[in-house]
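Colleague: Could you take one part of this model and go through it closely, in terms that a first-year student can follow? I should like to see how the charged side chains there are arranged and what surrounds them.

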Amino acid sequence: MRKALDVVGLPVVCLQTGETIGTVRDILCDSSWNVRGVLLSEQGWFHPGTYIPTERIHAVGESCLTVSGKDAITPLPHLAGLEPVGFVTGKTKLKGKAVITASGELLGRLEDVYFSANWEKLVGYELSNGWFADITEGRKRLYAPPTVIVGEENLIVPD
């Protein structure tokens, strides 16, 4: 398993030219927590934003993410009809949201997420109850349940 924050910030290297063509800014998932790609640049007034679809990623290493060619860079509007969920960016970003059970128990704040080894799916959460609890007790880990409600401030998970 790999954590999102291990990948965010990695340079993206083109295997054809050896050139660094960008930096991973976020990991994009659909509503079923399937990884759709990595964000290179966010959408702005005069910029559509760019991402690399999962199927165009050659490998995710410790030092960089590699793609076969520059043509892997895709405009964000190609995700039409899908509101991707980002970990650290976007309207529905996950990092920092409170994770609450359906019965009202606060489990902690989402600090990181885990992905399957083949980068197909989000499989777990890393939760914090503050820096003091992180030092004394460590962070909690929670397997990603099949259904999660993503709200403005909270993630609601089943009991």
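**Salt bridges around Glu126**

Modeller: A salt bridge joins the side chains of Glu126 and Lys3, with N and O 3.5 Å apart. The model is a predicted one. This pair links distant parts of the chain, since Glu126 belongs to strand S13 and Lys3 to strand S1 (residues 2–3), 123 residues apart. Side chains of opposite charge can pair when their charged atoms come close.

The two partners differ in how far they are covered. Glu126 has a relative accessibility of 2% and therefore counts as buried, the limit for that class being under 20%. Lys3, at 23%, counts as partly exposed.

Glu126 also meets the side chain of Arg139 in a salt bridge, at 3.0 Å from N to O. Here too the pair links distant parts of the chain: Arg139 is in the loop between helix H2 (131–136) and strand S14 (140–143), 13 residues from Glu126 in strand S13. Arg139 has a relative accessibility of 33%, so this residue counts as partly exposed.

A further salt bridge connects Glu126 with Arg141, whose closest N atom is 3.5 Å from the O atom. Because Arg141 lies in strand S14 and Glu126 in strand S13, the pair ties together parts that are 15 residues apart in sequence. Arg141 is at 58% relative accessibility and so counts as exposed, the limit for that class being over 50%. Through shared partners, salt bridges join Lys3, Glu126, Asp134, Arg139 and Arg141 into one network. The count for the model comes to eight salt bridges.

Let us now turn to the nonpolar surroundings. The largest nonpolar core has 33 residues, and those with the most contacts inside it are Leu110, Phe115 and Tyr125. Among the elements that give two or more residues to this core are strand S12 (106–115), strand S13 (122–128) and strand S16 (154–157). S12 gives the most, with four residues.

Tyr125 touches, among residues over four places away in sequence, Trp33, Leu110, Asp112, Val113, Tyr114, Lys140, Arg141, Leu142, Ala144, Pro145, Val148 and Val157. Arg141 thus appears twice in this account: as a contact of Tyr125 and as a salt-bridge partner of Glu126.

Apart from the largest core lies another, of five residues, including Leu28, Leu39, Tyr51 and Leu76. Tyr51 is part of strand S6 (residues 50–53), where Thr50 and Ile52 on one side and Tyr51 and Pro53 on the other are all buried. S6 pairs with strand S5 (residues 35–41) in the antiparallel sense over four bridges.

Note on methods: Residues are numbered from 1 along each chain as its sequence is written. This is a predicted model: local features need pLDDT of at least 70, side-chain atom pairs count only at pLDDT 80 or more; totals for chains, interfaces and linings use all residues. Side-chain values use heavy atoms; hydrogens and water are left out. Buried means under 20% relative accessible area, exposed over 50%, partly exposed in between (1.4 Å probe, protein chains only). Two strands pair if DSSP finds at least two bridges between them. A nonpolar core is a set of buried Ala, Val, Leu, Ile, Met, Phe, Trp, Tyr and Cys residues joined through side-chain atoms within 4.5 Å. Contact means heavy atoms within 4.5 Å. A salt bridge is a side-chain nitrogen of Lys or Arg within 4 Å of a carboxyl oxygen of Asp or Glu.
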